[in-house]
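Below are some comments for a colleague who has the sequence and the coordinates to hand. They take up helix packing and aromatic contacts in turn, and end with a note on a single side chain.

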Amino acid sequence: MINEWSGEMRKRRRNKGRDSNMASDQSANLEEKQVNGDADGGIQPRNCDKAEEEEEDQRILFQSAVLAQQEQKASSSGPPGETKLEILLANSVPIVNPGEYVWLALSDNELEKIPRNATLFEFKEKLSARQNEEEGTTIVLKKERAEKHGFTKFDYVSAWISLEVQSSLEAVGLTAVFAKALADAGVSANVVAGYFHDHIFVDVKDREKAETALVALSAKYKEKLAGNKK
């Protein structure tokens, strides 16, 4: 499609050149008429010289490149990120975020007390898929921020671990593999998939144990990938 467009643009340029030559002849005739005193007047067309042709070529090449990028973007489907499981696991380096994070289930009135920028994320839950009755909104935020807004009783205090790899939301099997690695280490995990990365929340007392298990998992698959390349 891009080649057809470029060909059409070059064809238009050639036609423009022919039109410009015709205009040049007409301009010469007009000048002759002006000398003889019988000119009609008016604006003379400007010739299309070599510099203008080179400029047109550059414009065509640039617009062809823009179209190529647009076509490539349009042809790609699904969210961004890696989908190959072994590559994902090899690059799933855990990043332990500082602080302790708490989980609260709040009514709408309680939720209004906490500014949006204080929360890490929130999720509105319903009693069941068949009912519209809401159980409340779950929010996750730093413990110190929750305390600042008057909340002091927490059922679950967690550490927040992010996986460095940019994973696709369509990737299959990643959660199952690292969840098993954590389970084998005796760590309970709550997983949240962000648009770009996966995030794992573990009991704050299991922070180091979870990090060790995830580092070992990533190293195992890095070694496996390196062996496949030999």
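1. The axes used here are lines fitted to C-alpha atoms, for helices over the stretch in contact, and the angles run from 0 to 180 degrees between N-to-C directions. The model is a predicted one, and every value below should be read in that light.

2. With that convention, helix α6 (residues 174–184) and helix α7 (residues 207–229) pack at an angle of about 130°, their axes being 9 Å apart. Angles of 65 to 115 degrees count as roughly perpendicular and those over 145 as roughly antiparallel, so α6 is to be described as oblique to α7. The crossing of these two helices, α6 and α7, is right-handed.

3. Which residues in α6 and α7 meet? From α6 come Val177, Phe178, Ala181 and Leu182, and they meet Ala210, Ala213, Leu214, Leu217 and Tyr221 in α7. Sorted by class, the contact of α6 with α7 has nine nonpolar residues, with no polar and no charged ones.

4. Turning to the aromatic side chains, rings are paired if their centres lie within 6.5 Å, and by this rule the count comes to seven aromatic pairs. One of them is formed by Trp103 and Tyr156, which are edge-to-face at 6.0 Å centre to centre with 65° between the planes. This pair links distant parts of the chain, since Trp103 belongs to strand β1 (residues 94–106) whereas Tyr156 sits in the loop between α5 (143–148) and β4 (157–163), 53 residues apart.

5. Trp103 also forms an edge-to-face pair with Phe201, at 5.4 Å centre to centre and with 85° between the planes. Trp103 lies in strand β1 and Phe201 in strand β6 (residues 198–203), so this pair ties together parts that are 98 residues apart in sequence. As for exposure, Trp103 is partly exposed, with a relative accessible area of 22%, whereas Phe201 is buried, with a relative accessible area of 1%. The cut-off matters for Trp103, because buried means under 20% relative accessible area.

6. These contacts belong to a wider arrangement: Tyr101, Trp103, Phe121, Tyr156, Trp160 and Phe201 form one aromatic cluster. A description of the cluster could therefore begin from Trp103, which pairs with Tyr156 and ties strand β1 to strand β6 through its pair with Phe201.

7. Finally, is Lys148 buried or exposed? Lys148, which lies in helix α5, is exposed, with a relative accessible area of 70%. The C-alpha atoms of Lys148 and Ile114 are separated by 9.6 Å, the two residues being 34 residues apart along the chain.

How values were computed. Residues numbered from 1 in each chain as written. Predicted model: local features only at pLDDT ≥ 70, side-chain atom pairs only at ≥ 80, totals over all residues. Heavy atoms only, no water. Phe/Tyr/Trp six-rings, centres within 6.5 Å; stacked < 30°, edge-to-face > 60°. Helix = DSSP H or I, 4+ residues; strand = E, 2+ residues; numbered from the N terminus. Buried < 20%, exposed > 50% of the residue type's maximum accessible area, 1.4 Å probe, protein only. Parallel < 35°, antiparallel > 145°, perpendicular 65-115°, else oblique. Left-handed = near helix turned anticlockwise from the far one by under 90°. Contact = heavy atoms within 4.5 Å. Nonpolar A, V, L, I, M, F, W, Y, C, P; charged D, E, K, R; others polar.
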